[in-house]
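Welcome, and thanks for taking a look at this one with us. Here is a short briefing to read alongside the model.

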Amino acid sequence: MIRPMTTNDVPRVAEIHVFGWRSTARGAVSDDFLFNQLLVANNTDFLVKALESQDTDCFVYDDGIIKGYLMLGECPNSTETLMLKAVYVDPLLQGGGVGTALLNFFDETAKKRGYKNARLLVIEGNATARAFYEKKGYILDGIRNYLKKMDTYDVGYTRQVNHEN
């Protein structure tokens with residue numbers, strides 16, 4: 001069900017990304033950003049570049065319909081930490097276990113690759129996502145970045161990766 005993303009997946013993933021942002025970040029990020037700057041057409045270029053990047057691995061949750069995706073790569077300034085660069089589930093398909101499957105895949109990938117930690121960033125005002133990550137064992141790690149383009153902050157969450165069998 002979770003497989004590497006291909007260029008054929010880009011239009012659907014761009015759609016998930018934009019509508020995911022709009023449904024989860026509304027109120028935490030300006031409507032100008034969400035509806036005038038964050039557009040599906042602009043997102044396709046970003047996703048193609050991510051697919052071509054040596055620093056990012058991209059995957060989709062596909063059970064006949066692409067329902068979500070994730071992007072991961074080594075955390076800047078920490079060779080011991082795998083970074084979740086993006087994870088989104090189509091807002092109309094949330095609640096069916098897709099997000100949990102993607103996050104479990106991320107954790108297992110970190111473990112298989114020998115990382116000690118798994119980290120992600122989330123918009124500070126996105127209470128739903130923050131509750132989801134906390135439920136999955138992620139803990140606030142003190143990282144807080146101002147995102148000028150969106151006039152908001154994101155915060156970091158980390159969890160240790162269990163290397164026991």
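Arg-12 and Glu-15 sit three residues apart in helix H1 (residues 10-25), which means that about one helical turn separates them. Their side chains meet in a salt bridge, with 2.7 Å from N to O. Please keep in mind that this is a predicted model. The notes below begin with the charged pairs, then turn to the pocket, a buried histidine and the nonpolar cores.

**Salt bridges**

- In total, the structure holds 11 salt bridges.
- Arg-12 has another partner besides Glu-15: Asp-90 forms a salt bridge with Arg-12, and the closest N and O atoms are 2.8 Å apart.
- That pair ties together distant parts of the chain, since Asp-90 lies in the loop between strand S4 (81-89) and helix H4 (98-112), while Arg-12 is in helix H1, 78 residues apart.
- The two acidic partners of Arg-12 have their own settings: Glu-15 is partly exposed, at a relative accessible area of 34%, whereas Asp-90 counts as buried because its relative accessibility is 12%, below the 20% cut-off.
- Arg-113 and Asp-57 also meet through their side chains in a salt bridge (2.8 Å, N to O).
- Here too the link is between distant parts of the chain: Arg-113 is in the loop between H4 and strand S5 (117-123), Asp-57 is in strand S2 (residues 57-62), and their positions lie 56 residues apart in the numbering.
- Both members of this pair are partly exposed, Arg-113 with a relative accessible area of 42% and Asp-57 with one of 26%.
- A network of salt bridges links Arg-3, Asp-9 and Asp-62.

**The largest pocket**

- The largest pocket offers about 1,200 Å³ of space.
- Its lining is made up of 42 residues, and those nearest the centre are Trp-21, Ala-86, Val-87, Tyr-88 and Tyr-133.
- Two or more lining residues come from each of H1, helix H2 (31-37), helix H3 (40-52), S4, H4, S5 and helix H5 (127-135).
- S4 gives the most to this lining, with seven residues.
- Sorted by class, the lining of the largest pocket has 24 nonpolar, 15 polar and three charged residues.

**A buried histidine in H1**

- His-17 lies in helix H1 and counts as buried, because its relative accessibility is 9%.
- Leaving out residues up to four places away in sequence, His-17 touches Leu-38, Asn-43, Tyr-69 and Tyr-88.
- One of these contacts, Tyr-88, is also among the residues nearest the centre of the largest pocket.

**Nonpolar cores**

- The largest nonpolar core has 25 residues, among which Trp-21, Val-29 and Tyr-69 touch the most other members.
- At least two residues of this core come from each of H1, H2, H3, S2, strand S3 (66-74) and S4.
- H1 supplies the largest share of this core, with seven residues.
- Tyr-69, setting aside neighbours within four places in sequence, is in contact with Met-5, Val-13, Ile-16, His-17, Phe-59, Val-60, Ala-86, Val-87, Tyr-88 and Leu-102.
- A second, separate core holds 23 residues, including Phe-59, Leu-84, Leu-120 and Val-122.
- Phe-59 is therefore worth a look in the viewer: it belongs to that second core and is in contact with Tyr-69.

Methods:
Residues are numbered from 1 along each chain as its sequence is written. This is a predicted model: local features need pLDDT of at least 70, side-chain atom pairs count only at pLDDT 80 or more; totals for chains, interfaces and linings use all residues. Side-chain values use heavy atoms; hydrogens and water are left out. A salt bridge is a side-chain nitrogen of Lys or Arg within 4 Å of a carboxyl oxygen of Asp or Glu. Helices (H or I, at least four residues) and strands (E, at least two) are DSSP runs, numbered from the N terminus. Buried means under 20% relative accessible area, exposed over 50%, partly exposed in between (1.4 Å probe, protein chains only). On a 1 Å grid over the protein atoms alone, a cavity is a set of points where a 1.4 Å probe fits but cannot get out, and a pocket is an open set with protein on both sides within 12 Å along at least five of seven lines; lining residues have an atom within 4 Å of a point. Grid points are joined across faces, edges and corners, and a volume is the space filled by probe spheres set on the points. Ala, Val, Leu, Ile, Met, Phe, Trp, Tyr, Cys and Pro count as nonpolar, Asp, Glu, Lys and Arg as charged, and the others, Gly among them, as polar. Contact means heavy atoms within 4.5 Å. A nonpolar core is a set of buried Ala, Val, Leu, Ile, Met, Phe, Trp, Tyr and Cys residues joined through side-chain atoms within 4.5 Å.
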